[in-house]
Amino acid sequence: MNHQLHQPQPSHRPVPAPGQVAYDPASGRTGVVQAVHGVAELCFDHQMTSGRVAFLRPERGGVEWTADAGALRCPADGEGADGEGGAQHAHAP
């Protein structure tokens, strides 16, 4: 299993890679990207619109979640800081 799989997005915005903090617009939270996998590698119903699924965890610990890797972006100041491990700064890999 390759936890460092990271393919460039077609857009010109920075795309968070494993070890970096990402904002998930679907949940409104930020988390540290743990891994990104193609949907063909998964053994569950991912229900994502892009071909990749990201696994995130709150920076200060907590319940992990999956997100559409194509929708993730670097968080803006205060974005996703919801008291549930939301982060407002870069995370050292």
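These are my notebook entries on a sheet, its core and a few single residues in a predicted model.

**Entry 1, the sheet.** I began with the strand order and found an open sheet of four strands, arranged β1-β2-β3-β4 with antiparallel pairing. The edge strands are β1, residues 21-24, and β4, residues 65-68, and each of them pairs on one side only. I also looked up how neighbouring strands of this sheet are turned against each other, and the average is 55° with direction ignored. As a reminder to myself, strands of a sheet pair through backbone hydrogen bonds, in either a parallel or an antiparallel way.

**Entry 2, β1 against β2.** I then followed β1 into strand β2, residues 29-38, and noted that the two pair in the antiparallel sense over four bridges. Going through the partners, I found Val21 bridged to Val32 of β2, Tyr23 bridged to Thr30 of β2, and Asp24 bridged to Arg29 of β2. The hairpin of β1 and β2 has four residues between the strands, and there Gly28 takes a positive phi near 75°.

**Entry 3, which way the β1 side chains point.** In a regular strand the side chains alternate between the two faces of the sheet. When I checked β1, Val21 and Tyr23 point one way while Ala22 and Asp24 point the other way, and all of them are buried.

**Entry 4, β2 and β3.** How many of the ten residues of β2 are buried? I found nine buried, and I therefore note β2 as mostly covered, with buried meaning under 20% relative accessible area. On its pairing with β3, I recorded six bridges in the antiparallel sense, and Val32 stands opposite Arg57 in β3.

**Entry 5, the nonpolar core.** The largest nonpolar core has nine residues, and I listed them as Ala22, Val33, Val36, Ala54, Leu56, Trp65, Ala67, Ala69 and Leu72. The elements that give two or more residues to this core are β2, β3 (52-57) and β4. I looked more carefully at Leu56 and, leaving aside residues up to four places away in sequence, found that Leu56 touches Ala22, Gly31, Val32, Val33, Gln34, Glu64, Trp65, Ala67 and Leu72.

**Entry 6, rings.** What sits over the ring of Trp65? I found the charged end of Arg29 there, 3.6 Å from the ring centre. I also looked for aromatic pairs, taking ring centres within 6.5 Å as the cut-off, and the count comes to zero.

**Entry 7, Phe44.** I located Phe44 in the loop between β2 and β3. Is Phe44 exposed, partly exposed or buried, and why? I wrote down partly exposed, because its relative accessible area is 38%, which falls between the limits of 20% and 50%. Not counting residues up to four places away in sequence, Phe44 touches Phe55 and Thr66.

**Entry 8, Gly62.** My last look-up was Gly62, whose place is in the loop between β3 and β4. Gly62 counts as exposed because its relative accessibility is 59%, and the limit for exposed is over 50%. I also compared its position with that of Gly31: the two are 31 residues apart in sequence, and from C-alpha to C-alpha they are 10.0 Å apart in space.

How values were computed:
Residues numbered from 1 in each chain as written. Predicted model: local features only at pLDDT ≥ 70, side-chain atom pairs only at ≥ 80, totals over all residues. Heavy atoms only, no water. Pairing = 2+ DSSP bridges. Axes fitted to C-alpha atoms, helices over the stretch in contact; angles between N-to-C directions. Core = buried A, V, L, I, M, F, W, Y, C linked by side-chain atoms within 4.5 Å. Buried < 20%, exposed > 50% of the residue type's maximum accessible area, 1.4 Å probe, protein only. Contact = heavy atoms within 4.5 Å. Phe/Tyr/Trp six-rings, centres within 6.5 Å; stacked < 30°, edge-to-face > 60°. Lys NZ or Arg CZ within 6 Å of the ring centre and 35° of its normal.
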